[in-house]
Amino acid sequence: MSITIGIDLGTTNSAVAWHDGVSVEIIETSSGKTLLPSVVSIDDKDRIVVGHQAQKQIRRHMRPEYVFTNIKSHIGMPFIEGEDYGLQITNVEGERWFRGPNDLDYSPVELSAEILKTLKASAERRLGKEVTQAVIAVPAYFNNIRVEKTREAGKLAGFRKVIIRTEPELAAMAYGLDKEKMSRIAVYDLGGGTFDFVLLRAGDRRLEYLAKLGDDQLGGYLYDRAIQKWLVDAYRQDEQREISKIGLLRLAPAIEDAKKELTDFDSAEIAQVGVFFDSDLGDTLDVNYTIAREKFETLVESFTRQTVEITKRALQMANKTVRDVDEVLLVGGMTRVPSVRKAVASLFGEAKLRDRENPDLVVAKGAAIAAAIEDGRSPGRTSYNHVTAQPFGLIGKHDTVHMLVPAGTPYGQKSKVSIFHLGTAEDGQTVIPIAIVQGDSRSARECTVLARYDHKVPAGPARSEKVDIEVMVDEEGQLIVAGVDCRTGQTLRILEP
Ligand code: ADP
Ligand code: MG
């Protein structure tokens, strides 16, 4: 019999949960905590360290440059020349990898696998059995490449089978909403690295996506960074000195702690001794500032406003208004921030907000429920009806994207598109280049390339050769693209899962 556990592999925190058929248990890490920080570090003996121990390396000032955080925000993301990803990220064949000691680079997939291995080991210790499978949650907004990289990380961690499910549907399952009578549910999920908003119709053992929208580069880290910027400016003004880059890495945990403190208190202290060494002074310098909640709220107001705008846009896409929403689930640690909660409440009305479940464990809990159904420990399979989160397109002239499949297209739908422009443009051309992308932008540079296919044709006059493109989104949300050479009738397998 397979043993499947539920995993929330978060940008900031991860969690693993087990459902025995009756109830859910969040499995504690070896340090006795429910959340495992999604942090991987390389210690001074070049060993890989995960979670709290890895975080300690920052607090102890030991090689903070090899303490890797926000791994999930880089998984499956292209490295674009000229962009600033910070001093830890390096370009490995167009992908973002983490720079380790001794010229060793680490991929986000292998670092994610280390986090998953740690969760798997905790589960095996608790259950006294080998765990063979996992339900792993991903944001609804993840593109196909990022989903596949996550699955790869799961396999690398030793899971024989990885079942990928989206975070909002798992949150809805944790609330048991798929079992109740049909209602419209909004899931507002603001985590450490990503924002996800979805509108679901859930109930009677069905979950149907009406809209999915989000921003995979919008989360708590931006709020932290706003505090950091405020601190750097204040320090510059008071001390006429810059905090070094290493100093900023050392300050990061203190800044995040201060942000959390502001959830419960009107002000918070950011104090850290020996933040950085100043060679002019020949001494290490300390930082000690106090930030007021009001100040914090003005610094981060624009980020919260962005989440509200995405929320409104998603409702619009589904032709719905706030009045059509029956309940709003608050998910992600950032929904604890009073000004964030207030913004959501003023949009939907306080009475519709649901936060009975712990916002940073609710996804793991839902994953455990899905895992129990998978193993047959729990009855009642819920059926799903997904829609695409990001459009699929084809790169055309001047690197602009031609839409093939718009966002919001139900899975399992076949659409046939004839692209007349996809032919030879010049006399004597012997290749028709075909590139399939996924992304929200009309500019190919900002999208993720899913496939490149060079179709060879005999040289002839311009426009003498043409390819028709047929696209389909399968039941799993994977894009299948086939082409037909209009002259020879030859089928081109451009993209297959
Ligand atoms: P992820 O899904 O990205 O791993 P989580 O749901 O665990 O994220 O949320 C992590 C984010 O929530 C971090 O930015 C963290 O600082 C923030 N957070 C957690 N608890 C609190 C709190 N009590 N007050 C303010 N922010 C919090
Ligand atoms: Mg999360």
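A residue counts as exposed if 12 or fewer other C-beta atoms lie within 10 Å of its own, and as buried if 20 or more do. That cut-off is handy for Asn319, which has 9 other C-beta atoms within 10 Å and is therefore exposed. The structure discussed here is a predicted model. Asn319 sits in the loop between α7 and β18 (327–331). Its backbone is a bit out of the ordinary too: Asn319 has a positive phi of about 55°, even though it is not a glycine. For context, most residues other than glycine have a negative phi.

Arg205 tells a similar story. It is not a glycine either, yet its phi is positive, at about 65°. Arg205 belongs to the loop between β14 (195–203) and β15 (206–215). With 12 C-beta neighbours inside 10 Å, Arg205 falls within the limit of 12 or fewer, so it counts as exposed.

Now for the strands. Val273 lies in strand β16, which covers residues 267–278. Just 11 other C-beta atoms come within 10 Å of Val273, so this residue is exposed. Val273 can also be placed relative to Leu251: the two are 22 residues apart in sequence, and their C-alpha atoms are 9.6 Å apart in space. Leu251 turns up again below, as one of the α6 residues that meet α5.

Asn13, in strand β2 (residues 13–19), is a case of the opposite kind. It has 22 other C-beta atoms within 10 Å, and since 20 or more is enough, Asn13 is buried. Setting aside its neighbours within four places in sequence, Asn13 is in contact with Leu35, Leu36, Pro37, Ser38 and Asp360. Asn70 is 57 residues away from Asn13 along the chain, but 9.4 Å separates their C-alpha atoms.

Next come the helices. Two packed helices are described by the angle between their axes and the distance between the axes. Helix α5 (residues 220–239) packs with helix α6 (residues 245–264) at an angle of about 110°, and their axes are 9 Å apart. Angles of 65 to 115 degrees count as roughly perpendicular, so that is the label for α5 and α6. Their crossing is right-handed. On the α5 side, the contact involves Tyr223, Asp224, Ile227 and Gln228, while α6 brings in Leu248, Leu251, Ala252, Ile255, Glu256, Ala258 and Lys259. Sorted by class, the residues of this contact come out as 7 nonpolar, 1 polar and 3 charged.

Helix α5 also packs with helix α7 (residues 293–317), this time at an angle of about 135° and with the axes 9 Å apart. That angle makes α5 oblique to α7. The crossing of α5 and α7 is right-handed. Here α5 uses Leu222, Tyr223, Ala226, Ile227 and Trp230, and α7 answers with Phe296, Leu299, Val300 and Phe303. The class count for this contact is 9 nonpolar, no polar and no charged residues.

Zooming out, the protein chain is divided into domain 1 (1–175 + 357–386), domain 2 (220–298) and domain 3 (392–495). The C-alpha centres of domain 1 and domain 3 lie 34 Å apart. Their contact takes 6 residues from domain 1 and 8 residues from domain 3. The side of domain 1 that touches domain 3 has 2 nonpolar residues, 4 polar ones and no charged ones.

Technical notes. Residues are numbered from 1 along each chain as its sequence is written. Chains are lettered from A and ligands numbered from 1 in the order in which they are written. This is a predicted model: local features need pLDDT of at least 70, side-chain atom pairs count only at pLDDT 80 or more; totals for chains, interfaces and linings use all residues. Axes are lines fitted to C-alpha atoms, for helices over the stretch in contact, and angles run from 0 to 180 degrees between N-to-C directions. Helices (H or I, at least four residues) and strands (E, at least two) are DSSP runs, numbered from the N terminus. Angles under 35 degrees count as roughly parallel, over 145 as roughly antiparallel, 65 to 115 as roughly perpendicular and the rest as oblique. A crossing is left-handed if the near helix is turned anticlockwise from the far one by less than a right angle, and right-handed if clockwise. Two residues are in contact if their C-beta atoms, placed from the backbone, lie within 7 Å. Ala, Val, Leu, Ile, Met, Phe, Trp, Tyr, Cys and Pro count as nonpolar, Asp, Glu, Lys and Arg as charged, and the others, Gly among them, as polar. Domain bounds come from an automatic or database domain assignment.
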